[in-house]
Amino acid sequence: MTNSTEITWQNWGRTLTVHPNLIVAPTSAEEVCEVVRVAAAEGRRVKPVGAGHSFTAIAEADDILMTLDGLSGLLGVDRAARTVTLGAGTRLHAIPAMLGPLGLAMENLGDIDAQSIAGAVSTGTHGTGIGFRGIAAQIAGAVLVTGRGELLRVDARHSPELLPAVALGLGALGILVEVTIQCVEAFDLHAVELPEPLDGVLESVFDRMFGSDHFEFYWFPHTDIAMTKTNMRVPAGEGRAPLTDARRWFDQTFMANGVFRATCALGRALPAVVPSLNRVAARLSGSRCYSDVSSSVFATRRTVRFTEMEYAIPVDRVVDALTEIRAVIDRSGWRISFPIEVRFTASDDLWLSTAYGRRSAYIAVHRAIGEDPRAYFGAVEEIMRGLGGRPHWGKMHGLGSEELAAAYPRFQDFLRVREELDPDGVFANAYLRRVLGDHVVASGGAAERHRN
Ligand SMILES: Cc1cc2nc3c(=O)[nH]c(=O)nc-3n(C[C@H](O)[C@H](O)[C@H](O)COP(=O)(O)OP(=O)(O)OC[C@H]3O[C@@H](n4cnc5c(N)ncnc54)[C@H](O)[C@@H]3O)c2cc1C
């Protein structure tokens with residue numbers, strides 16, 4: 001393989017700038033195998049990337065960067081089983097158009113749809129809903145290229161014991177080329193969004209999460225206001241009342257992105273005004289009620305860039321967590337312009353899932369690009385760790401393999417699978433060495449990293 005020069009790759013959150021030696025864009029699984037075989041023979045490393053929406057350096061390609069965009073699209077359908085097989089590079093926003101004509105939908109989604117399906121599952125991307133699991137738990141099977149350049153099929157009939165590792169593999173076990181998703185019958189969501197007093201939301205948080213399908217809220221720091229979002233699942237098309245184009249533009253383009261961008265800039269220039277800006281923002285958020293196709297309600301558009309840390313904690317600790325975070329912000333003198341996002345999921349059985357073995361509450365904190373997140377994220381991280389927290393693999397955190405091994409009962413099993421599938425560390429990078437340990441080849445790299 002020859003190297004190219006002067007290539008620069010950046011992630012969405014601008015926490016990572018990489019200068020890979022080579023970018024490859026295979027269009028078939030055989031080509032992926034060939035790249036990995038050559039790389040392994042030459043002692044090189046390959047890193048598949050999706051949409052670059054991870055804030056951590058998990059997708060850092062310090063040698064060969066592989067994009068899977070050439071392996072996208074619908075590859076197969078089993079309507080009776082409600083499964084579809086997709087190329088691993090398929091972007092989430094392309095999936096509804098494939099599932100819609102089949103009368104199918106993904107069971108749950110996060111709050112954006114820019115990611116690739118492989119990238120989303122590899123970091124444990126999740127949405128909200130105490131009865132629903134993250135996207136990786138919807139994976140019924142996968143085909144991946146191992147560190148020896150061999151194709152491996154994993155599903156209920158082929159190496160099923162590997163599925164709990166491969167479905168959420170941090171990009172450490174191989175390059176996914178196909179994924180099979182367990183879908184559900186298409187459904188709509190009836191959405192109710194309104195600002196409410198935070199104390200009232202915390203007092204009734206368990207009733208709200210168990211009494212609805214998808215509940216989440218955003219607390220505006222320095223205020224007593226939380227924006228609640230409650231979505232109920234209804235049969236597709238029943239009483240559908242979508243937002244008008246004008247309202248969608250006003251809410252998403254003007255308010256959520258345009259006005260929010262301006263208030264963030266103002267808050268950065270004049271931190272003292274952040275509490276007042278947050279009060280105004282909370283009030284302006286307004287109420288709305290609508291229903292639409294599930295994928296349109298789950299996903300929003302984010303154009304204001306930020307950095308983010310998110311921890312999963314046992315669901316019954318959510319009020320303690322918010323109370324402690326509120327106290328630390330009050331004590332600190334920081335001016336936090338971004339709302340704190342609180343979501344919930346069911347437990348699952350994927351070995352490195354943040355929701356492994358327990359119903360989880362997710363608490364996400366953000367800072368605008370250009371603001372140093374360390375003091376704020378560090379303080380929140382300490383609180384989360386005290387509550388048994390597990391960090392999102394794709395969002396900033398400061399943990400290493402020892403702490404993570406203690407947080408995940410099947411951590412050693414995952415390492416054994418990694419040893420088996422990638423014995424020479426073809427898929428290793430600095431982030432994986434930090435979070436999984438350094439059992440495979442060490443390497444140099446040409447990346448500039450911030451704390452992520
Ligand atoms: C604005 C924004 C909103 C977000 N919202 C949410 C949310 O609601 N919920 C949530 O949980 N997270 C959320 N995230 C985090 C995001 O979903 C994850 O970081 C996700 O991994 C990004 O997917 P990606 O395609 O960009 O993957 P990348 O960041 O490019 O890669 C992530 C990992 O996947 C691996 N990978 C990519 N392709 C393959 C492949 N073919 N085979 C094997 N490994 C592969 C990479 O090597 C890397 O390890 C958000 C991020 C942003 C920036």
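**Notebook: ligand shell and helix α11**

I began with H126: a polar backbone atom of H126 is 2.8 Å from an oxygen atom of the ligand, and I count a pair of N or O atoms within 3.5 Å as a polar contact. I then looked up how much of the ligand is covered: the protein covers 99% of the 970 Å² of accessible area that the ligand has on its own (Shrake-Rupley method, 1.4 Å probe).

I note that this is a predicted model, where local features need pLDDT of at least 70, side-chain atom pairs count only at pLDDT 80 or more, and totals for chains, interfaces and linings use all residues. Residues are numbered from 1 along each chain as its sequence is written, and side-chain values use heavy atoms, with hydrogens and water left out.

I checked two other backbone atoms. A backbone N or O atom of G50 lies 2.8 Å from a ligand oxygen, and a polar backbone atom of A51 is 2.9 Å from an oxygen of the ligand.

I listed the residues around the ligand (a heavy atom within 4 Å). There are 35, of which P48, H53, S54, Q115 and T123 come nearest. The shell holds 15 nonpolar, 16 polar and four charged residues, with Gly counted as polar. Helix α3 gives the largest share, four residues.

I turned to α11, residues 374-386, a DSSP run of H or I with at least four residues. Its buried residues (under 20% relative accessible area, 1.4 Å probe, protein chains only) include Y376, F377 and M384. The buried residues of α11 pack against β17, α10, β18 and β19 (heavy atoms within 4.5 Å). After α11 comes G388, with a positive phi near 80 degrees.

Key:
A polar contact is a pair of N or O atoms within 3.5 Å; within protein, one must be able to donate a hydrogen and the other to accept it, and residues adjacent in sequence count only if both atoms are side-chain atoms. Helices (H or I, at least four residues) and strands (E, at least two) are DSSP runs, numbered from the N terminus. The expected span of a helix is 1.5 Å times one less than its number of residues. Buried means under 20% relative accessible area, exposed over 50%, partly exposed in between (1.4 Å probe, protein chains only).
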